[in-house]
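Work through the exercises below with the coordinates open beside you, trying each task before reading its solution.

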Amino acid sequence: MESVRVDLPLFDVGRALEPLREEAVAIFDRLMRSGQFTLGAELRSFEEHFAAFCGAPHCVGVSDGTTALRLGLLALDIAPGARVITVPNTFVATVEAIDAAGALPSFVDAQTTDRCLDVAQLAGALGDDVGAVIPVHLFGRLAAMPEICALCEQAGVPVLEDAAQAHGASLGGRRAGSWGEAAAFSFYPTKNLGAAGDGGAVVCRDPGVAETLRSLRHHGSLPGEPNLHVRRGGTARLDNLQAALLDLRLTRLREENDERRRAAAAYRELLADLPLTLPAVEAASEVHVHHLFVVEVPERDRVLDALRESGIAAAVHYPTPIHLQPAWRHLGYARGDFPVAEQLADHCLSLPCFPGITEDEQVRVAGALTEALR
Ligand SMILES: *Cc1c(COP(=O)(O)O)cnc(C)c1O
């Protein structure tokens, strides 16, 4: 097979950055002159702004999203070996973080509507051995947080949101990050709020949890006491350079999320008559920030190949649910355990959707899909 040049990417980070390029270069220049690269004013400024954006009292910048999840669990003081409930249809990082925090990953299926944690199954899975629940706001849509938080509160179990795909998503005016005891964000370059490299943050309610997180990310030390190590920490800071860039990009996040929402609405119209399943329409009280626009199609792999043949970078998030991944076989699950997650894995297809995607580009995606599904 001849290789085809992919000229319509899944994400176009460069295009999103273009309006901010000069200011970004100025930040780089200023940091290079100052030589102050860690734990500086840029980090504090971003933390303050991002906490306010999320509607949470505290934000602690860390090195990446996986670390944000892991340190979030540690700061919530989850007992060693406790079960931490999440879904199998997530990026593997959610499960890696649970494992690395010394807890046991435990799955419930997703629900078909929002493709997030199934509320009824969660109700049946909560018990004394559960240390935390991690709902994943998959593809930019909030999980059923009012119901999930009510169940967890009743059971006395803390909620850690995996908000890596949901910067700015909201329900009833409450944003991702304001629902759980804590929430983990990733600023990996292709996320809705992306750094020029790796980055992450934990936002949380409790000042004590925030203080623990600041200590954990910096060798278990205390403010002003760099040589006193009060807990077993490590190196997990968010750099000043990344923080300053994120602070700049945060000023455009609302606008960029609106552009994603416009693109999603355009896809709904363009794809309305095709034999595929569109993402369920969210309630009027919800803001879905479309980190990804994911449809479900028959013969997914053939359709994926056809799109790629016409130069369109479609992708699959995620082709194998975590309970069927080789590294996580020891958890003891089998095919058939989570039918919704498995069905999604077999049929899901992510289409190019990013701030600045043009109508012509979306028409081209729709045309290629129409051809492939004929
Ligand atoms: C990206 C992502 C993460 C991990 O973030 P990194 O910054 O890449 O470590 C965790 N969970 C979900 C759902 C993600 O999409």
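## Exercise 1: the domain interface

Between domain 1 and domain 2 about 3,500 Å² is buried, 58% of it from carbon and sulfur atoms; buried area here is the accessible area (1.4 Å probe) that two parts lose on being put together, summed over both. The model is a predicted one, in which local features need pLDDT of at least 70 and side-chain atom pairs count only at pLDDT 80 or more, while totals for chains, interfaces and linings use all residues. Residues are numbered from 1 along each chain as its sequence is written, and side-chain values use heavy atoms, with hydrogens and water left out.

Task: describe which parts of the chain form the interface of domain 1 and domain 2, and which polar pairs cross it.

Solution. Begin with the bounds, which come from an automatic or database domain assignment: domain 1 covers 15-250 and domain 2 covers 252-372. The C-alpha centres of the two domains are 24 Å apart. Next, take the contacts (heavy atoms within 4.5 Å), by which 46 residues of domain 1 touch 41 residues of domain 2.

Then turn to the polar pairs. With a salt bridge defined as a side-chain nitrogen of Lys or Arg within 4 Å of a carboxyl oxygen of Asp or Glu, 4 salt bridges are found across the interface of domain 1 and domain 2. Arg-15 and Glu-361 form a salt bridge through their side chains, at 2.9 Å from N to O. Finally, locate the elements on the side of domain 1 that touches domain 2: helix H1 (13-17), H5, S3, strand S6 (170-171) and helix H9 (240-270) each supply at least two residues, and S3 gives the most, with 4 residues. Helices (H or I, at least four residues) and strands (E, at least two) are DSSP runs, numbered from the N terminus.

## Exercise 2: the parallel sheet

Task: determine the strand order of the sheet that contains S3, and state which strands stand at its edges.

Solution. Counting two strands as paired if DSSP finds at least two bridges between them, one obtains an open sheet of 3 strands in the order S3-S2-S4, with parallel pairing. Strand S3 (104-107) and strand S4 (130-133) each have a single partner strand, so one side of each is left without a neighbour in the sheet. The twist from one strand to the next averages 35°, where axes are lines fitted to C-alpha atoms, for helices over the stretch in contact, and angles run from 0 to 180 degrees between N-to-C directions.

Within this sheet, strand S2 (residues 83-86) pairs with S3 over 4 bridges in the parallel sense, and Arg-83 stands opposite Leu-104 in S3. Helix H5 (residues 93-100) packs on the sheet, where it touches S2 and S3, and its direction makes about 140° with that of S3.

## Exercise 3: the mixed sheet

Task: repeat the analysis for the sheet that contains S1, and identify the helix that packs on it.

Solution. Here 4 strands form an open sheet in the order S1-S9-S8-S5, and the pairing is mixed. The edges are strand S1 (58-62) and strand S5 (160-162), each having a single partner strand, so one side of each is left without a neighbour in the sheet. The average twist from one strand to the next is 20°.

S1 and strand S9 (residues 200-204) run antiparallel and are joined by 5 bridges, with Val-60 opposite Val-202 in S9. The packing helix is H3 (residues 41-54), which touches S1, strand S8 (182-186) and S9, its direction making about 130° with that of S1.

Conventions
A polar contact is a pair of N or O atoms within 3.5 Å; within protein, one must be able to donate a hydrogen and the other to accept it, and residues adjacent in sequence count only if both atoms are side-chain atoms.
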